[in-house]
Structure formats: structure tokens, C-alpha cells
Amino acid sequence: MSALQHTFWDEACAETLSDARLLAAMARFESALARASARAGVVPEAPAGIIARACEQAEFDATALARAARRAGTLAIPFVKRLTEQVAAISPEAARYVHFGATSQDLVDTAVVLCLLVASDRVLLLSRRLGEAAVALVKRHARTPMAARTLLQAAVPVPFGWKAAVWLSMLARSHARFRTAAREACVLQFGGAGGTLSAYGAQGDALAQALAAELALPQPSISWHSARDGYARLGAEAAILAGAAGKIARDVSLLMQPEVGEAAEPAAEGRGGSTSMPHKRNPVGCVAALEAAQRAPALAGTLLAQLSPEHERGLGQWQSQWFTLRELLCSAASALAAMAEVLEGLQVNAAAMRANLERSHGLVYSENVALRLARSLGKPAAHALTEKLCETAQREGKTLAETMRADPQARAAIDPKELAELFNPESCFGASRAMIERALADWSEALSERETGS
């Protein structure tokens with residue numbers, strides 16, 4: 001992988017999915033296969049022990065293997081050849097049993113699974129971190145009024161904490177479903193030549209159980225080398241997690257526009273500057289998250305397009321899925337890490353939120369006005385009157401409240417003592433408190449299942 005690729009990758013996640021980690025996982029598979037084969041009586045114990053020890057010390061040139069893999073069609077073939085050479089240097093007899101009875105796809109898929117397990121834990125850790133940062137905002141700003149914006153236009157007052165709870169709700173769903181997808185995808189692949197472990201006869205299932213135990217992986221009910229839904233589902237959930245982070249990034253970046261000024265990313269030396277405009281403070285965390293959110297869907301689409309391999313071993317699907325999954329998990333981790341940093345240090349300008357509400361001259365309370373007028377005039381007449389009042393207020397440069405006080409029909413319909421309450425932001429909060437509480441509960445439930453590595 002290119003060092004520059006780390007610009008839009010989470011480094012810790014990328015390290016778990018490095019070429020070196022994959023090759024180490026492949027060696028781990030071959031070591032476990034030898035030990036499990038000896039336990040099942042398929043391979044003599046002495047050669048199996050030599051193979052296992054050789055796997056622990058084996059060295060591989062990733063570049064040379066990649067070049068050979070292009071000619072072979074899979075990384076497994078040159079890898080096994082090189083491993084066999086290293087075992088043969090210790091014991092020609094033991095070399096006869098390297099990769100005994102397994103097939104290339106068993107080796108590649110299971111090695112990928114071993115890497116994905118660790119990478120998925122990293123993604124879940126970052127998802128949890130982002131969610132906890134959102135929880136803090138939800139609780140701190142449960143009553144902080146701001147303007148909701150629909151179609152980019154000011155709508156009605158809402159609590160900023162409610163807005164953050166909407167972010168949290170996406171994370172709660174995505175966190176739980178990614179965890180489930182990772183658990184279901186990260187299982188042993190061991191089927192041999194055609195998928196039935198034909199090389200081992202009646203001992204095949206016992207050997208598969210022993211191999212699963214050696215690798216600490218679940219044993220699936222059946223070989224999945226030609227059923228790629230597990231990888232596709234994991235990739236899709238990674239893309240959705242990236243998209244959830246991207247949604248937060250989109251909102252924060254819009255709130256950070258100087259014309260709005262309601263929120264800002266944390267400031268730090270060298271963060272968010274411009275090569276030509278010293279005054280700028282760019283939303284660089286949001287940039288990283290949106291980059292991932294916009295790239296991930298196409299990567300997930302690649303896995304979805306690979307759900308129909310030919311018969312029992314496909315052409316051009318599984319051979320490249322490692323690279324797609326690596327990009328997806330690293331992208332999701334990048335987006336989550338970037339937005340966790342943003343939300344943990346988010347600067348919320350409650351005064352600007354209030355000022356932007358007031359800048360509408362009361363028009364954001366038009367729903368309140370129309371609903372109150374409807375009790376006296378009926379809905380059609382109330383809607384028509386409210387529209388006229390809003391137009392008058394805009395044309396004359398007055399507040400909606402001032403326009404109502406000057407309008408005979410509005411004055412007759414609403415007691416002057418009620419008027420002030422119609423223009424109180426909290427009167428528009430509706431069921432936000434109950435929604436916030438449920439969103440917080442959903443997040444707690446999403447975290448209720450113990451997460452390995454977090």
C-alpha cells in the first residue's frame with residue numbers, strides 16, 4: 001500500500017490489514033492446518049510439528065509473491081510454493097504435507113477472515129468513541145435551541161441535542177449491525193478442492209472442527225467459498241458506518257460556514273489552514289469523513305456485484321475481495337476516527353444558534369402561529385392568514401409578532417398574553433425530549449453486547 005494512502009485511512013486499522021499481516025495470517029492458517037491434521041490423524045505428528053514451527057519463522061517477499069500471483073491467478077500458489085521450500089530446507093519429508101488436502105481459497109479466505117477480525121474490532125472501537133462523543137453533545141445540549149433546516153432553509157426551532165441524537169441513532173443501528181455482520185463473516189473457510197473436504201474422506205468434518213479450534217474461529221455449517229454474502233454484508237455495513245459519519249460531517253461542515261457560525265471543529269496547530277488564505281479555518285475532519293462516505297458505496301457495490309460466482313469456484317470474485325474489504329474497513333475507520341475527534345472537541349456556539357433564530361424575524365415560528373390561529377379560524381383560513389402575515393413581515397422588514405399585533409384579524413383571534421409563548425423556542429420542541437431519551441437507550445442497547453478488543 002502507498003504511504004500516502006494513510007491520508008484517508010486510519011493508521012491503526014490499516015496496520016491490521018497490511019500485506020505483512022495477511023501473509024502472517026496465511027502462515028498461521030498453514031500452521032494450524034498441520035497441527036489439526038495431526039490431531040485428526042491425517043498427517044503424521046512429526047512432520048506436522050516441523051511445518052508448524054517453520055510457519056512461525058517463515059519469511060516472504062510480498063512484492064515477489066504478488067508478481068508470481070499475477071501469473072498464478074492467486075496469491076496462495078506462490079505462497080505455498082515458497083513455504084514448502086522453507087519447510088523442505090528443514091525436512092524434505094515434512095514438506096510433503098504442507099497445505100495437505102486444502103485448496104487455495106481455503107488459505108486466502110481464512111487468512112482474510114483472521115485479518116478482518118482484528119480490523120473489525122478497530123472499527124467498532126472507533127464507532128463507540130464517536131457514539132460516546134455524540135452522547136455527550138446530546139446531554140449537554142438537550143435544551144439548546146437552534147433552527148432546523150429543511151432543503152437548506154430555516155424551518156422550526158429544535159434542540160441541538162436532538163440533532164445530535166439523530167446522529168446517535170444512525171450510529172446505534174450501524175454499530176450493532178456492523179458487529180453482527182463481522183461476526184457472521186469471520187468464520188472458517190475450509191472445503192478443499194470442491195467444497196466437501198473430499199481429500200480427507202470420513203475425517204473431513206473432524207479435521208474442520210480441529211482447524212476451527214486451532215484458529216479460534218467459528219465453524220460454519222457448510223463451506224462458503226462460492227457463497228460470498230458474508231463479505232458483501234460486512235462491506236455494506238462498513239459503507240453504512242462511513243455514511244453515518246459522513247452525515248455528521250455534512251451537518252457540522254454546514255454549521256461551520258461563517259455565515260452560520262453555529263459550530264466549529266476543534267482548533268490545533270496546522271489544522272484546517274489554507275495555502276493561500278491565512279484567515280481560513282477549514283473543516284478538515286469533515287473532509288476526511290466525507291471522502292470516505294463518498295468512496296465507500298462504490299466499494300461496497302463491488303462486493304455486491306460479486307455475489308454470483310460460477311458454480312463452486314468463481315472467476316475474478318474472491319481473488320480480489322481482500323483489497324476491496326481492506327479499502328472499505330480502512331475508509332470506515334478513517335471516517336469514524338475523524339468525526340470522533342471533531343465531536344469530542346466540537347465548539348458549539350449557542351449564542352449564534354439563538355441569533356440565527358432571531359434573524360428570521362420570527363418567521364421560524366409560523367407553524368406555531370398557524371396552529372394557534374386554526375383553533376379560532378379553522379385550518380384553511382389560519383394558513384391563509386399566516387401566509388399573509390409572513391409576506392407582510394418580510395415586505396415591511398418587521399417581525400412576525402409585530403405584524404400580528406398590527407393585524408385586526410390576528411389580534412381578534414389570539415389573546416395578546418399568548419403571543420409571547422408562540423415565539424418561545426421551547427414551545428416548538430414537541431416530543432424531542434422523549435425522542436432523545438429513546439435514542440440514548442438505543443445506543444446503550446447497541447453497546448450491551450460485549451465487544452472484543454474494545
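Student: Why is tyrosine 200 called buried in this predicted model?

Tutor: Tyrosine 200 has 3% relative accessibility. Buried means under 20% relative accessible area, so tyrosine 200 counts as buried.

Student: What makes phenylalanine 190 buried?

Tutor: The relative accessible area of phenylalanine 190 is 6%. The cut-off is under 20%, and phenylalanine 190 is therefore buried.

Student: Why is the pair of phenylalanine 190 and tyrosine 200 called tilted?

Tutor: The ring centres of phenylalanine 190 and tyrosine 200 are 5.7 Å apart and the planes stand at 35 degrees. Rings pair if their centres lie within 6.5 Å, and planes under 30 degrees apart count as stacked, over 60 as edge-to-face and the rest as tilted. An angle of 35 degrees is neither, so the pair is tilted.

Student: Where do these two residues, phenylalanine 190 and tyrosine 200, lie?

Tutor: Phenylalanine 190 and tyrosine 200 are in the loop between helix 8 (160-185) and helix 9 (204-215), 10 residues apart.

Student: How many aromatic pairs does this rule give?

Tutor: The count comes to six aromatic pairs. One of them joins tyrosine 97 and phenylalanine 100, with 5.9 Å centre to centre and 55 degrees between the planes; this pair is tilted.

Student: How do you know whether tyrosine 97 is buried or exposed?

Tutor: Tyrosine 97 has 16% relative accessibility. Buried means under 20%, so tyrosine 97 counts as buried.

Student: What about phenylalanine 100: which class fits its relative accessible area?

Tutor: The value for phenylalanine 100 is 32%. Buried is under 20% and exposed over 50%, so phenylalanine 100, in between, is partly exposed.

Conventions: Residues numbered from 1 in each chain as written. Predicted model: local features only at pLDDT ≥ 70, side-chain atom pairs only at ≥ 80, totals over all residues. Heavy atoms only, no water. Buried < 20%, exposed > 50% of the residue type's maximum accessible area, 1.4 Å probe, protein only. Helix = DSSP H or I, 4+ residues; strand = E, 2+ residues; numbered from the N terminus.
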